[in-house]
Amino acid sequence: MIAPLALIGLVSLPIIVAFYMLRLRRRDVPVGSTFLWQQLIRDVEANAPWQRLRFSWLLLLQLLIAAIVVLAAARPFNAVDSDLAANVVLIVDTSASMATRTDDEDRMALARERARDVVERLPVGGRVTVVAAADSAEVVVSETDDADAALEAIDGIEATQLPGDLTDAFALASALARRDSDSTVVVVTDAAGDRLPDLGIGAPVLVERVGATDANQAIAALSALRRAGGAQLDLFVAVVNPSAVDATRRLEIYADGSLVDARDLAIPAGQRSEALVSTVPGSARVIEARLAGADALVTDDRAFAIAPPEVTSRALLVGSGSAYLENALALLPRLELYAVDEDGYVDALADAAESGPPYGLLVFDGIVPDSAPTIPALYIDPDADGTFGAVAARITNPVIARVDPEEPILRFVDLSTVHVGRTREVVLSDGMREVVSTSGGNPMIAVGEEGGRRIGLIGFDLGESDLPLQVAFPLLMSNLVDYLLPATDGILPSSLRLGESISVAVDPRIDRIALETIGTAGFPGAGTEALEVPVVGGRATIPGAELVGLREIRARSEIAELDDISLGQTAVNLFSADESDVRPDDPQRIVEMGRVSQSEGPSTQPTRAEWWWPLALVALALLLVEWMLFHRLTRRSIRRAMGPRPQPFGGRPR
Amino acid sequence: MSTTERAPFFDEAFLRRLEQLELASRRMTAGRMKGERRSVRRGQSVEFADYRNYAAGDDLRQLDWNAYARLEKLVVKLFVEEEDVTVHVLVDASRSMDYGQPNKLDAARRAAAALGYLGLASMDRVSVAFLGDGEATGMRPMRGKRRALELFRFLAEPRSERLTGLAAAARSYAGRLRGTGPLILISDLMDPGYLDALRDLAGTRCQLSVLHLLAPDELEPEVAPDVRLVDNETGHAVEVSGDDDLVDRYRTRLAEWQAEIAAFVSRRGGAYVAVPSDLEVADLLFDVLRRRRVVE
């Protein structure tokens with residue numbers, strides 16, 4: 001028995017018998033005289049609080065019910081074989097896709113149910129560690145042999161809005177498995193796009209896959225650009241449809257809570273549709289895109305953006321003239337673009353130094369100046385070495401390697417359909433990092449800092465690629481300019497992904513910064529997230545937000561004028577193609593994380609099969625019988641008491 | 001009976017029927033006043049025996065005016081040969097009698113009224129008393145039908161007695177009792193001193209008749225399961241769990257009790273009559289008591 005202490009309840013049996021032996025509280029019936037009755041009763045009953053125990057079906061049933069209930073409470077079991085090892089690490093996926101819910105499916109509830117099954121299958125004496133895993137791992141109960149505690153912990157696990165990353169969870173499982181060779185890792189997941197670590201673990205991995213539906217569409221990108229002059233905002237929205245059927249969704253755009261645009265987007269199965277919205281007023285601060293109607297996952301049906309500030313910098317484009325490049329740069333609201341050829345470069349700088357505001361950004365198209373500029377610069381198809389590095393011969397027909405989806409330079413930029421004819425072979429200087437490279441590892445796009453100035457590099461001639469013809473081009477240029485010219489009035493980017501942490505520079509006199517994220521109503525685990533982080537050396541590391549919504553940063557300082565001032569606002573969005581693709585994936589890649597041969601796997605262990613529930617059913621049935629019997633007896637008693645003429649003894653005349 | 005006031009118990013027709021009956025007096029010896037009762041001893045002489053105080057209803061012709069002139073006291077002369085009996089009717093007025101459907105005390109009042117009226121109609125002296133709280137509370141002996149209304153009013157009076165104290169009440173009455181005649185006790189006898197009471201009453205020179213009055217549900221009880229029977233008189237409670245066995249035992253005990261009383265009374269020359277309270281008074285008088293020769 002799992003809970004033998006419950007057998008203490010057997011003391012209820014003599015208590016029930018005692019209640020039966022105790023005299024009843026009887027109904028008073030007046031009689032003329034008890035003269036004869038006294039003589040009669042004196043012979044058979046003593047005047048005591050107890051009476052002789054008489055046979056009663058009700059008593060028998062109640063004793064039986066009490067005994068069965070006590071026995072069930074003691075949780076009897078018999079041993080059966082289990083496929084689990086003595087030490088089980090149970091990882092429950094709580095990433096955003098686990099919040100999938102349709103009329104037929106509640107994925108997180110299914111996951112909890114499967115997790116409970118695992119705990120109930122534990123071998124005798126087995127221990128379980130329950131880990132909730134979203135973008136990081138959280139141990140909800142550690143190495144316990146108390147099944148009730150584990151079940152209670154499982155019941156408290158809820159889906160998050162965060163993208164899935166099982167790296168931490170597997171690292172934890174690996175550490176636990178190292179301590180006990182007889183271990184099994186069980187992952188309850190929909191296997192929908194969760195990141196996995198590169199290295200496997202030394203224990204077998206079982207996967208309990210949950211979920212079936214893939215009926216989801218998602219807002220995959222939302223970016224607001226301020227048009228030159230600042231009177232109007234241009235909004236770029238991308239909606240993906242990872243499901244297997246075509247879909248048409250109504251896209252609604254809200255500016256500071258007011259609907260400003262609505263349109264139907266047809267999104268073919270597995271494709272992406274994009275929309276450019278030009279009806280957002282320039283005065284708008286918070287912009288929201290919303291997919292009307294319902295689908296399997298709500299977390300990706302709304303996205304937010306903070307309108308970029310009206311700040312312009314003078315940019316000088318030096319080159320022979322590329323219409324695509326000029327248009328793309330001219331469209332950027334932050335830039336006031338000027339263009340000269342290579343010969344006019346020096347004069348233009350001199351003029352600016354003498355008579356006008358200086359240039360904030362230099363863009364060199366096909367050339368490299370003799371002297372390194374002292375302001376941020378973007379080099380396109382450089383023909384000579386520069387502060388970015390050294391160039392050599394061109395590589396023909398380079399293949400773009402897989403890009404890092406988290407790379408901020410490539411935010412909303414889809415390079416999968418971009419073709420490049422030739423690209424420079426480049427050796428980057430120490431301060432530079434690759435953003436896009438060829439499959440052979442040659443950098444094609446890079447950014448970095450050299451001498452305190454930011455530098456960008458596009459290693460190929462735009463005229464020898466189809467990039468300028470694609471939507472990705474203006475977005476790429478916008479992201480590069482954002483990088484080269486960091487915003488001066490705010491320390492935050494206009495949008496962040498869930499869980500994305502950043503390091504920001506703030507006034508060193510600020511002691512701490514307070515973060516408050518207001519989640520979106522109706523999303524799983526929605527609420528308000530608030531925390532404070534210290535400022536060290538004029539920089540603060542802002543941890544990733546866990547809620548889709550708006551995040552505001554405020555200063556905390558001993559200096560009154562710096563205390564509680566707003567340092568900026570940013571939007572937090574899911575924007576995870578992996579999580580939005582809620583279709584359960586093949587779990588084999590997770591199973592393969594368990595790099596252990598079959599012979600080293602756990603042997604079959606005995607586990608407990610509890611059978612308290614059939615006892616509970618029997619008790620319920622007996623309770624029903626007892627209830628019916630009691631009412632039958634009571635009815636008979638009432639019938640006898642309600643005779644046709646008033647009877648002082650409460651009886652019917654014979 | 002001629003009266004403008006309505007009798008509380010019986011109508012005129014019933015009273016006229018009653019007048020056809022008279023109480024039997026098997027133990028009658030010498031009376032003290034000339035009466036209308038047929039005697040078992042029929043003497044011829046008119047022999048003065050004694051005086052006694054005048055009682056309301058006495059024949060004024062029997063007043064001794066000479067004695068009145070001397071003593072300024074109304075006395076009547078008593079003679080030896082002619083019977084002059086007193087009919088004693090005792091009604092148990094305890095709370096145990098105030099119970100039942102029909103109410104036992106009401107039935108007792110009616111029976112006492114009928115028997116008393118028989119005595120009045122026979123020109124016998126009638127003495128009626130309630131027994132309760134250890135005492136006998138009666139009215140002055142009376143004679144003649146004209147006193148019937150007074151008798152009925154007395155019997156109809158509400159009673160406040162609680163306990164019977166049957167033995168003490170009977171002893172009290174028996175101690176005051178003079179003369180002879182029928183003595184009729186109407187009671188449920190549900191009192192621990194019932195035998196003492198019967199012994200005292202039977203010890204007088206009167207002819208004792210016991211009308212043992214019980215309610216129908218005392219004769220045939222029906223007890224619900226698990227009840228607490230509360231005594232109407234003493235408040236004492238008895239817990240019983242009604243079943244067929246218990247009722248059977250009650251019936252047996254009741255029969256034994258009634259037989260015991262009947263034997264006790266019979267041994268002392270009396271008559272015992274078990275009377276259910278739902279028995280009509282006409283049936284009681286014209287059938288039951290006539291068959292038991294309590295009335296003729």
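**Exercise 1. Which residues in α3(B) meet which residues in α4(B)? Describe how α3(B) and α4(B) pack.**

*Solution.* The model is predicted.

Step 1. Take the contacts from the side of α3(B): R109(B), A112(B), A113(B), G116(B), Y117(B) and L120(B) take part. Their partners in α4(B) are A148(B), L151(B), F152(B), L155(B) and A156(B).

Step 2. Turn to the axes. Helix α3 (residues 104-121) of chain B packs against helix α4 (residues 148-156) of chain B at an angle of about 160°, and the axes lie 10 Å apart.

Step 3. Classify the angle. Angles over 145 degrees count as roughly antiparallel, and α3(B) is therefore roughly antiparallel to α4(B).

Step 4. Assign the hand: α3(B) passes α4(B) in a right-handed crossing.

**Exercise 2. Determine how α3(B) packs against α9(B).**

*Solution.*

Step 1. The second partner is helix α9 (residues 281-291) of chain B, whose axis is 9 Å from that of α3(B), at an angle of about 50°.

Step 2. This angle makes α3(B) and α9(B) oblique to each other, and their crossing is right-handed.

Step 3. The residues of α3(B) that meet α9(B) are R110(B), A111(B) and A114(B). On the α9(B) side they face V281(B), L284(B) and L285(B).

**Exercise 3. Classify H236(B) and Q20(B) as buried, partly exposed or exposed, and place each in chain B.**

*Solution.*

Step 1. H236(B) lies in the loop that links β8 (227-231) to β9 (237-240) of chain B. Q20(B) lies in the loop between α1 (12-18) and β1 (48-53) of chain B.

Step 2. Apply the cut-off: a residue is exposed if 12 or fewer other C-beta atoms lie within 10 Å of its own, and buried if there are 20 or more. H236(B) has 14 other C-beta atoms within 10 Å, so H236(B) is partly exposed. Q20(B) has 12 and is therefore exposed.

Step 3. Examine the surroundings. Apart from neighbours within four places in sequence, H236(B) is in contact with T34(A) and D231(B). Q20(B) and F286(B) are 266 residues apart in sequence, yet their C-alpha atoms are 9.8 Å apart in space.

**Exercise 4. Which residues of α6(B) are buried, and what covers them?**

*Solution.*

Step 1. In helix α6 (residues 194-202) of chain B, the buried residues are Y194(B), A197(B), L198(B), D200(B), L201(B) and A202(B).

Step 2. The cover over these residues includes α5 (166-176), β6 (182-187), β7 (207-214) and α8 (244-267) of chain B.

**Exercise 5. Describe the nonpolar cores and the make-up of chain A, and state where confidence in chain A falls below a pLDDT of 50.**

*Solution.*

Step 1. The largest nonpolar core has 143 residues, and L90(A), I91(A), V92(A), V131(A) and V237(A) have the most contacts inside it. Beyond neighbours within four places in sequence, V237(A) is in contact with I219(A), A221(A), L222(A), L251(A), E274(A), A275(A), V277(A) and A289(A). A second, separate core has 72 residues, among them V87(B), L118(B), L131(B) and L211(B).

Step 2. Chain A has 12 helices and 31 strands. Of its 654 residues, 41% count as buried. Among the chain A contacts with a separation of 6 or more, 72% join residues 24 or more positions apart.

Step 3. The average pLDDT of chain A is 84, and 91% of the residues score at least 70. The pLDDT is below 50 over residues 597-602 of chain A, a stretch with 7 contacts beyond near neighbours in sequence. Residues 641-654 of chain A also have a pLDDT below 50, with 36 such contacts.

Terms used. Residues are numbered from 1 along each chain as its sequence is written. Chains are lettered from A and ligands numbered from 1 in the order in which they are written. This is a predicted model: local features need pLDDT of at least 70, side-chain atom pairs count only at pLDDT 80 or more; totals for chains, interfaces and linings use all residues. pLDDT is the predictor's confidence in each residue, from 0 to 100. Two residues are in contact if their C-beta atoms, placed from the backbone, lie within 7 Å. A nonpolar core is a set of buried Ala, Val, Leu, Ile, Met, Phe, Trp, Tyr and Cys residues joined through C-beta atoms within 7 Å. Axes are lines fitted to C-alpha atoms, for helices over the stretch in contact, and angles run from 0 to 180 degrees between N-to-C directions. Helices (H or I, at least four residues) and strands (E, at least two) are DSSP runs, numbered from the N terminus. Angles under 35 degrees count as roughly parallel, over 145 as roughly antiparallel, 65 to 115 as roughly perpendicular and the rest as oblique. A crossing is left-handed if the near helix is turned anticlockwise from the far one by less than a right angle, and right-handed if clockwise.
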